[in-house]
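Work through the exercises below with the sequence and the 3D view side by side. Each task is followed by a solution that goes step by step.

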Amino acid sequence: MSTAAKSMVPLDFQHLPEEEMLRRASELYAQMNRRRTTRHFSDRAVPRELIENAIRTAGTAPSGAHQQPWTFVAISDPAIKRMMREAAEEEERVNYGGRMPPEWLEALAPLGTDAVKEHITTAPYVVVLFRHVYGVRADGTRRTHYYSTESCGIAAGLFVAAIHQMGLATLTHTPSPMGFLTRLLRRPANEKPFLLMPVGYPAPDARVPDLARKPLDEIAVWFEAEGEGEGGTG
Ligand code: IYR
């Protein structure tokens, strides 16, 4: 075991019986497989504590050199949400009006998206994840960040899972370009907008595209010793 780390503490790890492991694994899969991205939100209020917990969960993500290169900005102020929506829609009108090539528009057609971003003002919370492209030391000098994109991707995944698990809905929205978020939310120069996520209850009449997920055999490849791996339930 490496002894290079300055201070190490014992790992707090819970060993479970295999049956229990299988039960938890399949329950989480079933629960996550019920998650859908929706663009139709209700304006019903959401307690701030729920958002706080989702951000705490996202903040448990592993990160390059444990630099935790993320800031979550949670907006419920209607005036700021309105400004965000206006700026996002301005960019998206350009995107849908020709900045996105035909192939991209074709790929999006089944999702039914357009330049109208009502979810930004309807959802009670909008959470914007900012990626710290580099760090800033106390003396103002820059500190290199490692794998900040991967780290923020993982944190975003945990956030999405947490929101779903608590019984709320979210949408991973990437208005492009996102520079207006830096200005509107007054973030420092080392932070780049990564993802915008409205959070709330789905609208009572929320609709989603009729999509299917790839089955396991299309997303997984195995290298195993002869005779291994036949115990799975497919
Ligand atoms: N940013 C645009 C377009 C868009 C792009 C992808 I890739 C999507 O999966 C969905 C939308 C928008 O938000 O409408």
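**Exercise 1.** Which residues are around the ligand?

*Solution.* This is a predicted model, in which local features need pLDDT of at least 70 and side-chain atom pairs count only at pLDDT 80 or more, while totals for chains, interfaces and linings use all residues. Residues are numbered from 1 along each chain as its sequence is written, and side-chain values use heavy atoms, with hydrogens and water left out. Taking a residue as near when one of its heavy atoms lies within 4 Å of the molecule, the shell consists of Arg39, Glu92, Tyr96, Trp104, Leu108, Leu111, Asp114, Lys117, His173 and Thr174. Helix 3 (78-99) and helix 4 (102-108) each supply at least two residues of this shell, where helices are DSSP runs of H or I with at least four residues, numbered from the N terminus.

**Exercise 2.** Find the polar side-chain atoms that approach the ligand, and state how much of the ligand is covered.

*Solution.* Begin with Glu92, which has a side-chain N or O atom 3.0 Å from a nitrogen atom of the ligand. Continue to Tyr96, whose side chain places an N or O atom 2.5 Å from a ligand oxygen, and then to Lys117, with a polar side-chain atom 2.6 Å from an oxygen atom of the ligand. Finally, the protein covers 72% of the 370 Å² of accessible area that the ligand has on its own, by the Shrake-Rupley method with a 1.4 Å probe.

How values were computed:
Polar contact = N/O pair within 3.5 Å; in protein donor to acceptor, adjacent residues only side chain to side chain.
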